[in-house]
Amino acid sequence: ALAPDAAGAPSTPPPPRAVFWLLPLLRVFGEEADPGELVERYHALISALEQMPAQPSSTASGGGGAAAMDLLKGQDAKLAAHLEAVMGGAAKSALLLKAPCARLGVGLLSPDATLFVWDLCLIAGWTQVGAAIASALLLLRDGLLACTAPAHLADYFLLHTRQLTVEQLRAALERHFMPELRARLGVPAPEDVLPLEPSDVVS
């Protein structure tokens with residue numbers, strides 16, 4: 001966590017990727033946001049993210065990218081194997097996803113899709129970024145399978161991921177990852193939740 005100095009400012013500068021984390025906050029609070037409140041929320045976000053569990057040493061070089069690749073393998077072994085073959089191994093395919101995961105999707109996904117993923121992470125934990133990145137890969141499956149060179153694959157991924165809509169990303173997450181997440185959190189599926197009537201919420 002950031003330790004304040006005598007003047008109340010952080011004594012340790014945030015990591016470079018933290019600059020990306022500021023962008024969704026600016027989008028939510030807008031140009032009219034109180035600077036003090038924005039800085040306070042930004043520092044709180046950095047502190048929370050710094051407390052996330054570290055990646056296992058065996059996948060540390062790929063960071064969150066390795067976790068995203070593991071999630072992809074569980075859903076589509078053929079696509080995961082293709083990415084590793086084209087990129088030149090598991091480590092290099094994980095490195096392709098490392099920066100997008102470290103930046104929490106900022107700069108990779110569209111602004112609206114990024115905010116959607118952040119909403120999910122604020123509810124279920126920041127490790128859900130890996131599920132979102134894996135979902136993006138699954139949505140781009142056909143195009144990625146057609147790529148036969150590392151540069152081509154990387155360019156295709158970076159270009160087309162930004163074009164994915166919130167609806168597409170939500171559907172892919174729902175299809176591949178949300179059932180397990182709901183079971184782990186003990187949250188019912190939307191179709192199992194009884195609709196509220198006005199008399200249920202108005203005394």
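A disulfide is counted here when two cysteine sulfur atoms lie within 2.5 Å of each other, and the structure examined in these exercises is a predicted model.

**Exercise 1. State how many disulfides the structure holds, and describe the surroundings of Cys101 and Cys121.**

Solution. Applying the cut-off of 2.5 Å between cysteine sulfur atoms, one finds that the structure holds zero disulfides. The next step is to look at two of the cysteines by their accessibility: Cys101 has a relative accessibility of 9% and counts as buried, and Cys121, at 2%, counts as buried too.

**Exercise 2. Describe the make-up of the protein in terms of helices, strands, burial and surface.**

Solution. Begin with the elements, which are twelve helices and zero strands, so that the order from the N terminus on reads α-α-α-α-α-α-α-α-α-α-α-α. Turning to burial, 38% of the 203 residues in the protein are buried. The accessible surface comes to about 11,400 Å², and carbon and sulfur atoms account for 59% of that surface. Finally, among contacts with a separation of 6 or more, 68% join residues that are 24 or more positions apart.

**Exercise 3. Work out which face of helix 10 is buried, and identify what covers its buried residues.**

Solution. First, list the buried residues of helix 10, which spans residues 166-176: they are Val166, Leu169, Ala172 and Leu173. Second, look down the axis of helix 10, where these buried residues fall within an arc of 135° and therefore line one face of the helix. The spacing fits a general rule: an α-helix has 3.6 residues a turn, so residues three or four places apart point the same way. Third, consider the face turned away from the buried side, which carries the exposed residues Glu167 and Arg175. Last, ask what lies over the buried residues of helix 10: the cover includes helix 6 (111-124), helix 7 (128-139) and helix 11 (178-185).

**Exercise 4. Find the residues that touch the most other members of the largest nonpolar core, and say which helices supply that core.**

Solution. The largest nonpolar core has 44 residues, of which Leu72 and Phe157 touch the most other members. At least two residues of this core come from each of helix 3 (63-75), helix 4 (77-87), helix 5 (90-102), helix 6, helix 7, helix 9 (150-161), helix 10 and helix 11. The largest share, eight residues, is supplied by helix 7. To follow Phe157 further, set aside its neighbours within four places in sequence; the residues in contact with Phe157 are then Leu96, Leu97, Leu108, Ile133, Leu137, Leu140 and Leu144.

**Exercise 5. Determine whether Leu153 is buried or exposed, and trace its contacts beyond its neighbours in sequence.**

Solution. Leu153 is found in helix 9, and with a relative accessible area of 0% it is buried. Once neighbours within four places in sequence are left aside, Leu153 is in contact with His82, Leu83, Val86, Met87, Leu96, Leu144 and Cys147. One of these can be followed in space: Leu153 and Leu83 are 70 residues apart in sequence, yet their C-alpha atoms lie 8.2 Å apart.

**Exercise 6. Locate the aromatic pair, classify its geometry, and state whether its two residues are buried or exposed.**

Solution. The structure holds one aromatic pair. Trp118 and Trp126 form this pair, with 5.0 Å from centre to centre and 85° between the planes. Because planes over 60 degrees apart count as edge-to-face, the pair is edge-to-face. As for burial, Trp118 has a relative accessible area of 6% and is buried, while Trp126, with a relative accessible area of 11%, is buried as well.

Terms used. Residues are numbered from 1 along each chain as its sequence is written. This is a predicted model: local features need pLDDT of at least 70, side-chain atom pairs count only at pLDDT 80 or more; totals for chains, interfaces and linings use all residues. Side-chain values use heavy atoms; hydrogens and water are left out. Rings of Phe, Tyr and Trp (its six-membered ring) pair if their centres lie within 6.5 Å; planes under 30 degrees apart count as stacked, over 60 as edge-to-face and the rest as tilted. Buried means under 20% relative accessible area, exposed over 50%, partly exposed in between (1.4 Å probe, protein chains only). Helices (H or I, at least four residues) and strands (E, at least two) are DSSP runs, numbered from the N terminus. The arc is that of the directions from the helix axis to the C-beta atoms. Contact means heavy atoms within 4.5 Å. A nonpolar core is a set of buried Ala, Val, Leu, Ile, Met, Phe, Trp, Tyr and Cys residues joined through side-chain atoms within 4.5 Å. Accessible areas come from the Shrake-Rupley method with a 1.4 Å probe; for residues, only the protein chains shown count as cover.
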